[in-house]
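Please explain how the parts of this structure fit together. Take it step by step, and keep the sentences short.

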Amino acid sequence: MSIKTLKAQITQLQAQIWRNSQYLRHTQKQLALIYRATPATGHRSRQQLRALRVAINRDSRALEALNQSLRAAIDNQASPQIQEILTRRYIGDEPFAAIAAAMDYDLRWVYRLHARGLAAEKKITR
């Protein structure tokens, strides 16, 4: 799987975990309010809470596996400069301009090294 694909999936899972966590908090508040209501309503809310916790745990494990795959793909790069650029870009979420400034490189050179790293990564996965 490519580095960009891994990063996209990581971002998607992070958003999904955040949404589920927000929904879990909301449902917990609602359950506290309706706990005195009918037993069936409380039961449905508790089932929903359990399902949300399971989904959050499943997504968290998948997120960790994707993060490990991303780190492994970056660590497989031959050049330490390319590794640093890919790490800053895909793990640190830094913009290319900030990477160029931090590494004291020209922005165009960072773009070239980034492209080389992605091209080399495609060759490795084939």
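Does Asp 104 count as buried or exposed? The model is predicted, and in it Asp 104 has a relative accessibility of 70%. Exposed means over 50%, so Asp 104 counts as exposed. Its place is the loop between H4 and helix H5, which covers residues 107-125. The backbone stands out here too. Phi of Asp 104 is positive, near 60°, in a residue other than glycine. This positive phi comes just after H4.

Now step back into H4, residues 96-103. Which residues of this helix are buried? They are Phe 96, Ile 99, Ala 100 and Met 103. These four cover an arc of only 100° around the axis, which is why they fall on the same side of H4. A general rule of helix geometry helps here. An α-helix has 3.6 residues a turn, so residues three or four places apart point the same way.

Next comes the partner of H4. Helix H3 spans residues 80-91. The axes of H3 and H4 come within 10 Å and cross at roughly 140°. Angles over 145 degrees would count as roughly antiparallel, so the pair is classed as oblique. The crossing of H3 and H4 is right-handed.

Which residues make the contact? From H3 come Gln 81, Glu 84, Ile 85, Arg 88 and Arg 89. From H4 come Phe 96, Ile 99, Ala 102 and Met 103. By class, this contact has 5 nonpolar, 1 polar and 3 charged residues. Phe 96, Ile 99 and Met 103 appear among the buried residues of H4 and also among those that meet H3.

The loop between H3 and H4 holds Asp 93. Asp 93 is not a glycine, yet its phi is positive, at about 55°. Asp 93 also leads to the N-terminal helix, through Lys 7.

Lys 7 is found in helix H1, residues 3-34. Is this lysine buried or exposed? Its relative accessibility is 12%. Buried means under 20%, so Lys 7 counts as buried. Not counting residues up to four places away in sequence, Lys 7 touches Tyr 90 and Asp 93. The first of these partners, Tyr 90, turns up again in the contacts of Leu 118.

Leu 118 lies in helix H5. Leu 118 is buried, because its relative accessible area is 12%. What does Leu 118 touch, leaving aside residues up to four places away in sequence? Its contacts are Ile 3, Lys 4, Leu 86 and Tyr 90. Leu 118 and Ile 3 are 115 residues apart in sequence. In space, their C-alpha atoms are 7.3 Å apart.

Tyr 111 is in helix H5 as well. With a relative accessible area of 41%, Tyr 111 is partly exposed. Its C-alpha is 41 Å from that of Leu 52, while the two residues are 59 places apart in sequence.

One last stop is back in helix H1, at Gln 30. Gln 30 is partly exposed, with a relative accessible area of 34%. How far apart are the C-alpha atoms of Gln 30 and Ser 45? They are separated by 8.2 Å, with these positions 15 residues apart along the chain counted as their sequence separation.

Note on methods
Residues numbered from 1 in each chain as written. Predicted model: local features only at pLDDT ≥ 70, side-chain atom pairs only at ≥ 80, totals over all residues. Heavy atoms only, no water. Helix = DSSP H or I, 4+ residues; strand = E, 2+ residues; numbered from the N terminus. Buried < 20%, exposed > 50% of the residue type's maximum accessible area, 1.4 Å probe, protein only. Contact = heavy atoms within 4.5 Å. Axes fitted to C-alpha atoms, helices over the stretch in contact; angles between N-to-C directions. Parallel < 35°, antiparallel > 145°, perpendicular 65-115°, else oblique. Left-handed = near helix turned anticlockwise from the far one by under 90°. Nonpolar A, V, L, I, M, F, W, Y, C, P; charged D, E, K, R; others polar. Arc of directions from axis to C-beta.
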